[in-house]
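Trainee: I should like to go through this model element by element. Could we proceed by question and answer?
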Amino acid sequence: MPIQLYMFPGSAPCTFVQMVAKHIGVDLSLKELDFLKRDHESPEFTKVNPFQKVPTINDAGFILYECNAIATYLVNKYAPTSELNPKDVQKRAYMDQILSVVATHIQPKFSAFSIPSFRTNKKPSAESMKEFEDGVLKAFEVVVGDKFAVGDNLTLADIRLISLLACIVPLEDIFDRSKYPKVASYYDRVSGQLPYFEELIRPHIDDRLKFWKSLQ
């Protein structure tokens, strides 16, 4: 029986979970929530996740939320020998560190930058762009690796980084490849090694490109 994933299309944390599941061959049954209709605030979903956020999974009655916890759970349960979750203690610690940096620093700052444009249909201000570069792009420069984020193998950290970078790098209005070549190179290199990238990511990139072009 597929694992039920409560999600919102285009959400980087949700896409992260989808990518991990696809990578290890776990089937998901998607339950899309319409945030404009406030589905996430419904009594039904609040019983599942009292914090009213996605992604959330239901694995045969086992409820879990927060994308990092979900991704780690899926690998530990369904692909315990996968290199996505390193067995080396120090490599795993570095991976967890990157996942934490994304969760507590990069993702919140990216959301603070992008959400106002969705609400106002206006391009970010110069001040907002400066905060985005200082808080998000420069943080990516710190955590991306010369090959992968941690060592010589793909880990959960890479999939999480790509899920969010895919919301940024293709948008020339907010990402200058010549200014952040390390980030651009990492994105091209790692995304090119994910066979499910086009299936899971490309539609969201196309939608986001159309949206940014429509901003005033």
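The exchange below takes up the recorded domains, the helix packing and one residue.

Mentor: This is a predicted model, in which local features need pLDDT of at least 70, side-chain atom pairs count only at pLDDT 80 or more, and totals for chains, interfaces and linings use all residues. Residues are numbered from 1 along each chain as its sequence is written, and side-chain values use heavy atoms, with hydrogens and water left out.

Trainee: Which residues does UniProt list for "domain: GST N-terminal", and what is the strand content there?

Mentor: The unreviewed UniProt entry lists residues 1-82 for this feature; such annotations may be inferred rather than shown by experiment. Helices (H or I, at least four residues) and strands (E, at least two) are DSSP runs, numbered from the N terminus. Over residues 1-82 the end C-alpha atoms are 22 Å apart, the helix content is 38%, and the strand content is 22%.

Trainee: What is the helix content of the span that UniProt names "domain: GST C-terminal"?

Mentor: The unreviewed entry places that feature at residues 88-209. The end C-alpha atoms of this span lie 39 Å apart, its strand content is 0%, and its helix content is 68%.

Trainee: How are α4 and α5 oriented to each other?

Mentor: Axes are lines fitted to C-alpha atoms, for helices over the stretch in contact, and angles run from 0 to 180 degrees between N-to-C directions. The axes of α4 (residues 89-120) and α5 (residues 126-143) come within 9 Å and cross at roughly 160°. Angles under 35 degrees count as roughly parallel, over 145 as roughly antiparallel, 65 to 115 as roughly perpendicular and the rest as oblique. The two helices, α4 and α5, are therefore roughly antiparallel.

Trainee: How many residues in the contact of α4 with α5 are nonpolar?

Mentor: Contact means heavy atoms within 4.5 Å; the α4 side includes Ile-98, His-105 and Phe-113, and the α5 side includes Met-129, Phe-132 and Val-143. Ala, Val, Leu, Ile, Met, Phe, Trp, Tyr, Cys and Pro count as nonpolar, Asp, Glu, Lys and Arg as charged, and the others, Gly among them, as polar. In this contact one residue is charged, three are polar, and the nonpolar ones number 11.

Trainee: Which residues of α9 make the contact with α4?

Mentor: Helix α9 (residues 202-214) packs against α4 at about 60°, with the axes 11 Å apart. Phe-110, Phe-113, Ser-117 and Phe-118 form the α4 side, and the α9 side consists of Arg-208, Phe-211 and Trp-212.

Trainee: How many of the residues of α6 are buried?

Mentor: Buried means under 20% relative accessible area, exposed over 50%, partly exposed in between (1.4 Å probe, protein chains only). The buried residues of α6 pack against α1 (12-24), α3, α4, α5, α7 and α8 (197-200). The helix α6 is mostly covered, the buried count being 10 of 10.

Trainee: How are α6 and α7 oriented to each other?

Mentor: Helix α6 (residues 156-165) and helix α7 (residues 181-191) have axes 10 Å apart, at an angle of about 115°. Asp-158, Leu-161, Ile-162 and Leu-165 of α6 meet α7 residues that include Tyr-186 and Tyr-187. By their angle, α6 and α7 are therefore roughly perpendicular.

Trainee: Is Cys-67 buried or exposed?

Mentor: Cys-67 lies in helix α3 (residues 67-78), and beyond four places in sequence Cys-67 touches Pro-13, Phe-16, Val-17, Pro-55 and Arg-160. The C-alpha atoms of Cys-67 and Val-17, 50 residues apart along the chain, are separated by 6.3 Å. Because its relative accessibility is 10%, Cys-67 counts as buried.
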